[in-house]
Structures are given as C-alpha cells and as structure tokens.
Amino acid sequence: MDKIHNFSAGPCILPPEVLKEASEAVKIWGGNGLSLIEMSHRSKPFVAVMEEARAITKELLGLPDRFEILYLQGGASLGFLTAAYNFIPEGGSAAYSDTGTWAAKAVKEAKHLGHIEVVASSKASGYNAIPHTPSVATKHSYFHYTTNNTIYGTQYKHIPEPGVPLIADMSSDIMSKKFDSTPFQLIYAGAQKNMGPAGTVMYAIDKEALGKTGREIPSYLDLGVHLSKDSMFNTPPVFSIFTTLLTLRWLKNLGGIEAIEARNNAKSDLIYGEIDRNELFTGYAEIDSRSTMNATFQLRDSNHQEKFNAAWTDAGISGINGHRSIGGYRASMYNALPLESVQVLVDVMKEFERTI
Ligand SMILES: *Cc1c(COP(=O)(O)O)cnc(C)c1O
C-alpha cells in the first residue's frame with residue numbers, strides 16, 4: 001500500500017507540506033536555537049505567529065473591521081457555553097436550531113445561561129435535512145445554528161434570516177466556502193476539522209456587540225478579557241496555533257477561499273454523483289441539504305458490508321466508517337483532501353458494483 005487516502009472526520013488530513021514544516025519547527029524554530037514548543041509564548045517569534053494567525057483568518061474570511069479574532073482552548077464544546085455567556089443578557093433568551101448532535105449540545109450548554117427556544121429542528125427525521133428557519137421573536141438575543149452537521153452530513157446552503165443577529169458553530173465547514181458575514185455577531189470553530197490540528201478553537205467576534213449582557217463572566221469565558229489581552233490571557237496552545245497558521249498560509253497560496261470552494265464542489269459532485277448512480281448505495285441526507293464536507297451514505301444491502309469494507313481498505317482508504325450514532329459510511333472531504341482521493345473511493349464503488 002503506497003498511499004493512504006484520509007477521509008477522517010476530525011482530526012483530519014492536513015497538507016503534507018504543513019506536516020513537514022510543523023514537524024521541523026518542533027525540532028528547532030524561531031532563530032533562538034529552541035523548539036517551537038519549548039520557548040515562551042511571549043517571545044517575539046511566537047507573538048508574531050499569533051498576530052499573523054489572527055490577521056490571516058480575518059483576511060481569508062473577508063471579515064470587516066468590527067470583527068476580532070481569538071485562538072483559545074476548550075474546543076467548540078466550550079464555545080457552546082462561551083457564546084451564551086457573552087451574548088445572552090441576565091434573564092434573557094436566544095433561539096436555536098437543532099440540526100444534529102453538536103447543535104443539541106449547544107442548546108444544552110446555553111440553557112445554563114438563559115431561556116432557550118428551539119425554533120427549528122430536524123430531529124424527528126433523524127437529522128437528515130436542514131429545517132426551514134422561521135422569523136423569531138425580537139426578544140431573542142440571537143439565532144444560533146450549526147452551519148455543517150459533521151455527523152449527519154447536512155449543511156446550510158444559505159444564510160438563515162430569522163430577523164435577529166446570528167451566532168454560528170462553523171467547526172466543520174469554516175474556510176471551505178465564501179459567506180456574507182453581515183448578519184453575524186459571533187462565529188466559532190474548532191480548528192481540527194478544516195484549519196489545523198486539535199487543541200485550539202477560533203472565535204470571530206463582533207467587538208461592538210460584546211459586553212452588553214450585564215453579567216459577571218468568569219475570566220476565561222469572557223471574550224472581552226481575551227480581546228484585551230490579544231488572545232494571550234493565558235498560555236495559548238502554541239503548536240496548534242502555529243500549525244493552523246501554516247495551513248491558512250497554504251490556503252492563501254492556493255488562491256484563498258474562492259479557489260478551495262471550487263475544489264470542494266468538484267469533490268462533492270464526484271462522490272454524490274456516484275452515490276446517486278450506483279444502485280448498491282443510498283445517500284443519508286436529503287439532496288438539497290447535502291454537505292460538501294461530509295458525505296454520508298449506506299449500502300442498500302448490509303450483507304455486502306464485509307466485502308465493501310475489504311475493498312476500500314485494500315485501496316488505501318482510511319476513515320470512512322460512519323459515526324457510531326448513524327452507522328453506514330461518511331466520506332469527510334475537508335480542504336486538504338485531494339480530488340484524487342475521492343476518485344479512488346469512487347473507483348472502488350464502481351469496481352464493487354461490477355464484482356458483486
Ligand atoms: C467536532 C465538532 C464540534 C466539537 O468540537 P470540539 O473541538 O471537540 O469541542 C462541535 N461542533 C461541530 C459542528 C463539530 O463538527
């Protein structure tokens with residue numbers, strides 16, 4: 001087996017040149033004879049990394065000046081709580097969309113901070129589609145949604161218009177396509193799905209909307225505290241942020257979001273084309289809700305499972321078993337996955353049809 005085709009849902013494939021540069025930096029980096037991970041985060045070279053990471057994120061996402069970027073710890077899972085803490089006032093409320101496991105976890109955490117109304121849900125249909133977004137009462141501070149549902153393979157194809165500001169968990173499709181940031185107050189995303197290794201979470205914050213809750217917020221959960229310290233309130237996860245920066249530089253060199261969006265569309269067209277053509281398989285998500293990042297599908301006849309699993313394993317494919325909560329298969333096609341890997345999977349599916 002000469003090449004692994006890594007379809008892992010996260011942590012996931014990173015560009016080979018990023019892995020090379022990151023591994024070299026672990027040995028020696030920054031011109032002081034030290035490793036990246038054995039020097040002070042307040043040293044000049046690392047402060048420059050943090051500044052560039054924050055700037056390139058804003059640049060690639062095309063965010064206007066009202067936004068500030070942070071790279072913190074705690075993952076998107078702490079983001080669920082942080083979002084609510086910083087944007088729901090004492091005694092206030094917010095509207096949420098429940099489109100999957102992560103969206104439901106966001107609801108659960110926000111309930112610690114205020115009255116949460118789930119105004120849209122696809123739970124009844126096994127989260128296989130994106131529900132319509134209704135207009136919500138203006139008493140709600142914001143509408144929270146998960147742009148891409150990593151486990152179920154569904155994705156919002158448009159920006160919801162609930163009539164209140166938006167907060168989004170973009171963990172699994174950040175940096176994959178262009179979007180209009182106008183209605184957003186807060187965007188957050190764990191790095192390990194499309195930006196870098198595990199260990200850091202990105203927040204893009206409308207600083208003008210911050211600090212209006214009247215709450216006492218514990219320091220680490222207070223985004224204002226982190227902004228006032230330029231994302232250096234405490235020791236940042238230096239390796240994750242550095243490697244995320246390398247990945248974002250790679251993306252910029254490639255032509256930025258526009259270029260990667262075209263590549264991502266080509267990959268998802270290829271896999272969904274085969275899922276729809278090949279009668280041995282069926283897609284999980286409804287067609288108009290399909291994710292360009294995570295394609296979920298099943299064998300129509302589960303008796304074929306063992307043989308199909310052997311076929312893709314033999315072809316060097318890794319990581320396409322579906323999440324334990326829905327089974328079947330999930331091909332995660334994040335930015336760094338080449339079209340060639342999707343072609344290998346499609347060829348395995350075609351060959352499997354011929355031999356069954
Ligand atoms: C993976 C994932 C999370 C959880 O991220 P952590 O960084 O592990 O907390 C949250 N939301 C979405 C959409 C995800 O895909």
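This tour goes through a predicted model, from the ligand out to the two domains.

Residues are numbered from 1 along each chain as its sequence is written. Because the model is predicted, local features need pLDDT of at least 70, side-chain atom pairs count only at pLDDT 80 or more, and totals for chains, interfaces and linings use all residues; side-chain values use heavy atoms, with hydrogens and water left out.

**Stop 1: the ligand shell.** Select the ligand and the residues around it. There are 13 of them, each with a heavy atom within 4 Å of the ligand. The closest are Ser77, Thr150, Asp169, Gln192 and Lys193. By class, the shell holds three nonpolar, eight polar and two charged residues; Gly counts as polar here.

**Stop 2: helix H3.** Select residues 75–87. This helix (a DSSP run of H or I, at least four residues) gives the shell its largest share, four residues.

**Stop 3: polar contacts.** These are pairs of N or O atoms within 3.5 Å. Show Thr150: a polar side-chain atom lies 2.4 Å from a ligand oxygen. At Ser77, a side-chain N or O atom is 2.6 Å from an oxygen of the ligand. At Ala76, a polar backbone atom is 3.2 Å from a ligand oxygen. The protein covers 87% of the 390 Å² of accessible area that the ligand has on its own (Shrake-Rupley method, 1.4 Å probe).

**Stop 4: the domains.** Colour 16–254 as domain 1 and 256–355 as domain 2; the bounds come from an automatic or database assignment. Their C-alpha centres lie 27 Å apart. The contact (heavy atoms within 4.5 Å) takes 27 residues from domain 1 and 27 residues from domain 2.

Technical notes:
A polar contact is a pair of N or O atoms within 3.5 Å; within protein, one must be able to donate a hydrogen and the other to accept it, and residues adjacent in sequence count only if both atoms are side-chain atoms. Helices (H or I, at least four residues) and strands (E, at least two) are DSSP runs, numbered from the N terminus.
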